[in-house]
Amino acid sequence: MDKKSHPWKPFFCDMHIHIGGTRSGRPVKITASRSMTITRILEEASNRKGMEMIGVIDAHSPEVQEELLDLISQGEARELDAGGIAFQQTVLILGCEVEIKEEGRGEAHFLVYLPTLAAMQAFTRWLSARCKNVHLSSQRIHASIQDLQEIASELGGTVVPAHIFTPHKGLYGSCTDSMREVMNPGLVEAVELGLSANTQMADQISELWDKTFLTNSDAHSLGKIGREYQSILMAERSYTEWRKALKREDGRGVLVNYGLTPQLGKYHLTACQGCQTLLPPDSSLRCPVCGFKRVVRGVAARIEQLADQELGQHPSFRPPYVEQVPLEFIPGVGPKLLQKLYATFGTQMDVLHRASEQDLAGVTGEKIAALIVRAREGGLAVQAGAAGTYGRIVDR
């Protein structure tokens with residue numbers, strides 16, 4: 001994609017962020033930090049992380065909608081004519097994550113994105129008749145995957161399969177060997193890769209060759225916002241422009257996927273969930289070391305099982321995947337040093353992409369500055385994650 005041939009601009013976007021609770025203290029995502037209210041998320045994304053567009057995928061919760069309406073009525077946020085909500089330096093796209101388990105299949109998670117608060121409120125009404133508690137995140141709903149696609153389309157929205165290879169509720173990791181078995185592929189504009197896979201791995205599956213790949217944080221705490229993200233070329237930040245980018249219309253599209261080094265993800269390799277012993281990809285369900293009956297198949301093994309394309313082959317439009325090591329993974333970068341970095345350089349995007357090694361060293365010291373620069377260049381050694389445990393940097 002030639003950036004000079006059109007007037008569009010690149011924007012940093014993280015489109016999968018969870019809300020931990022509402023301002024009244026009511027839980028939304030049970031496993032997320034209660035400090036993650038919608039207002040705190042917007043402030044963090046705008047002022048600390050430098051995310052120019054975010055997707056909050058618990059916007060279906062009625063108390064979250066009330067807080068957004070208050071921000072709008074107070075003049076702190078405003079709905080955009082082209083969809084989305086502007087707040088300070090970021091634009092919010094409204095989303096919802098749901099879980100569906102069809103008969104004879106494992107459960108899978110799907111992200112529903114909608115253009116307006118009114119559309120999301122209508123979706124909440126549809127959802128409330130099909131789940132136990134519409135206030136909570138990632139609820140299992142009594143509907144088929146195609147039912148979900150239909151209601152999203154009726155409301156002007158789109159459905160994105162979430163963390164598709166993850167053994168824990170991913171489309172390929174838990175539900176099916178082929179997208180066309182369970183949903184209408186023609187209505188799928190994009191898929192989310194998840195933390196344990198990258199473009200090289202995913203493009204080994206031919207039915208994904210016409211899909212845009214998204215790399216999002218799936219943040220459950222404020223610190224995790226922006227651990228994966230993408231640079232998206234758009235005329236402006238709005239829901240309409242974002243959908244055009246997913247469809248790669250008129251020069252819009254994802255310019256770069258910034259994702260974790262896949263080995264840092266929690267499910268890259270196959271391992272026992274009980275004793276964490278790494279096991280061969282074709283291991284049975286019982287661990288040969290401790291006898292625990294929960295061997296978790298890794299993402300790398302699952303993709304190898306499904307692959308029908310050679311590694312290194314890609315569709316012509318596929319953007320580069322830049323392996324990203326978030327600051328929190330860098331040895332020696334703790335909360336106090338993070339605050340110094342933000343105070344000096346601005347946002348995490350400034351630290352990761354713009355600050356020179358010399359300038360970084362003035363704040364962190366030469367050793368940590370060198371690690372940050374090597375992380376930018378994909379030069380750090382990693383111990384792979386498995387069975388729900390993150391990988392880690394072993395290069396010091």
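Mentor: Buried means under 20% relative accessible area, exposed over 50%, and partly exposed in between (1.4 Å probe, protein chains only). This is a predicted model, in which local features need pLDDT of at least 70, side-chain atom pairs count only at pLDDT 80 or more, and totals for chains, interfaces and linings use all residues. Residues are numbered from 1 along each chain as its sequence is written, and side-chain values use heavy atoms, with hydrogens and water left out.

Trainee: Which residues of helix α7 meet the definition of buried?

Mentor: In α7 (residues 239-247), they are Y239, E241, W242, R243, A245 and L246. The helix is a DSSP run (H or I, at least four residues; strands are E, at least two; numbering starts from the N terminus). After α7 comes R248, with a positive phi near 60°.

Trainee: What are the buried residues of helix α8, and against what do they pack?

Mentor: V299, A301, R302, I303 and L306 are the buried residues of α8 (residues 299-306). They pack against α5 (171-175) and α6 (199-202), where contact means heavy atoms within 4.5 Å.

Trainee: Why is E323 called neither buried nor exposed?

Mentor: Its relative accessible area is 28%, a value between the two cut-offs, so E323 is classed as partly exposed. E323 belongs to strand β15 (residues 321-324). Beyond its neighbours within four places in sequence, E323 contacts N198, G259, T261, P262 and A375. The C-alpha atoms of E323 and A190 lie 20 Å apart, with these positions 133 residues apart along the chain.

Trainee: What makes strand β11 largely enclosed by the rest of the structure?

Mentor: Six of the six residues of β11 (residues 229-234) are buried, so the strand is largely enclosed. Y229, S231 and L233 point one way, while Q230, I232 and M234 point the other way.

Trainee: How do you know that β11 is paired with β1 and with β12?

Mentor: Pairing requires that DSSP find at least two bridges between two strands. Strand β1 (residues 9-17) and β11 share five bridges in the antiparallel sense, and five bridges also join β11 to β12 (residues 253-260), again antiparallel. Both pairs therefore satisfy the definition. L233 of β11 stands opposite P10, and in β12 its bridge partner is G253.

Trainee: Why are helices α1 and α2 called oblique?

Mentor: The axes of α1 (residues 38-49) and α2 (residues 62-73) cross at roughly 60° and come within 9 Å. Axes are lines fitted to C-alpha atoms, for helices over the stretch in contact, and angles run from 0 to 180 degrees between N-to-C directions. Under 35 degrees is roughly parallel, over 145 roughly antiparallel, 65 to 115 roughly perpendicular and the rest oblique; α1 and α2 are therefore oblique to each other. I38, T39 and L42 of α1 make the contact with V64, E67, L68 and L71 of α2.

Trainee: What term describes the angle between α9 and α11?

Mentor: Helix α9 (residues 335-345) packs against α11 (residues 357-364) at about 135°, with the axes 10 Å apart. That value makes α9 oblique to α11. In α9, L337, K340, L341, T344 and F345 meet D359, L360, V363 and T364 of α11.

Trainee: Which residues touch the most other members of the largest nonpolar core?

Mentor: Of its 103 residues, they are L68, F110, F123, L148, F165 and L208. Such a core is a set of buried Ala, Val, Leu, Ile, Met, Phe, Trp, Tyr and Cys residues joined through side-chain atoms within 4.5 Å. Another core, of 22 residues, lies apart from it and includes F11, A162, L214 and Y239.
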